[in-house]
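These are my notebook entries on a single protein chain. I set down what I looked up, in the order in which I looked it up.

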Amino acid sequence: MSSRWAPRWELIKITVNGRQETVCYDQETKLYLCPRCGPECLKGGIPTSGSYFFNQQDLLNHLLAHRYELWNKKKHKEVEEEEEGGEEDEDEE
Ligand SMILES: [Zn+2]
């Protein structure tokens, strides 16, 4: 018996802010994983760190928050000044 967690990732496409994102869903633990926090899951690996969610809505909120990097206040502060002038949008066309 192995004590290692062996996730069985299923890649799921969800729509975030009108854009499609591929996220990871583990059929073993029934948890969703943010692919930006733990990109290893996209390749079937086990992320060393990551953000896990019990339902798609929570994951969705988390992905939306990524856009503003709410937990990265330093960066947010720097961006603030530029924001006034116009749109800051790092999305590719
Ligand atoms: Zn994340």
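Entry 1, burial. I counted a residue as buried if 20 or more other C-beta atoms lie within 10 Å of its own. The model I examined is predicted. By that cut-off, buried residues make up 13% of the 93 residues in the protein chain.

Entry 2, confidence. I read a mean pLDDT of 80 for the protein chain, with 71% of its residues at 70 or more. I then looked for a stretch of low values and noted residues 76–85, where pLDDT stays under 50. For this stretch the model has five contacts beyond four places in sequence. Where pLDDT is low, the predicted coordinates should not be read in detail.

Entry 3, elements. I listed two helices and four strands in the protein chain. From the N terminus on, I recorded their succession as β-β-β-β-α-α.

Entry 4, strands β1 and β2. I looked up how strand β1 (residues 9–16) meets strand β2 (residues 19–26), and found antiparallel pairing over eight bridges. W9 stands opposite D26 in β2, and V16 stands opposite R19 in β2. I also examined the hairpin of β1 and β2, which has two residues between the strands. In this hairpin N17 takes a positive phi near 55 degrees.

Entry 5, strands β2 and β3. I found that β2 and strand β3 (residues 31–33) run antiparallel and are joined by three bridges. Within this pairing I noted C24 opposite L33 in β3. The hairpin of β2 and β3 has four residues between the strands, and in it K30 takes a positive phi near 60 degrees.

Entry 6, the sheet. In which order do the strands of the open sheet stand? I recorded β1-β2-β3-β4, with antiparallel pairing. I then asked why one side of β1 and of β4 is left without a neighbour in the sheet. Both β1 and β4 (52–53) stand at the edges and each has a single partner strand, so one side of each lacks a neighbour in the sheet.

Entry 7, the helix on the sheet. Which strands does helix α1 touch? I found that helix α1 (residues 56–68) packs on the sheet and touches β1, β2, β3 and β4. The direction of helix α1 makes about 60 degrees with that of β1.

Entry 8, contacts. I took the contacts in the protein chain with a separation of 6 or more, and found that residues 24 or more positions apart account for 23% of them.

Note on methods. Residues numbered from 1 in each chain as written. Predicted model: local features only at pLDDT ≥ 70, side-chain atom pairs only at ≥ 80, totals over all residues. Pairing = 2+ DSSP bridges. Buried ≥ 20, exposed ≤ 12 C-beta atoms within 10 Å, placed from the backbone. Contact = placed C-beta atoms within 7 Å. Axes fitted to C-alpha atoms, helices over the stretch in contact; angles between N-to-C directions. pLDDT = per-residue confidence, 0-100.
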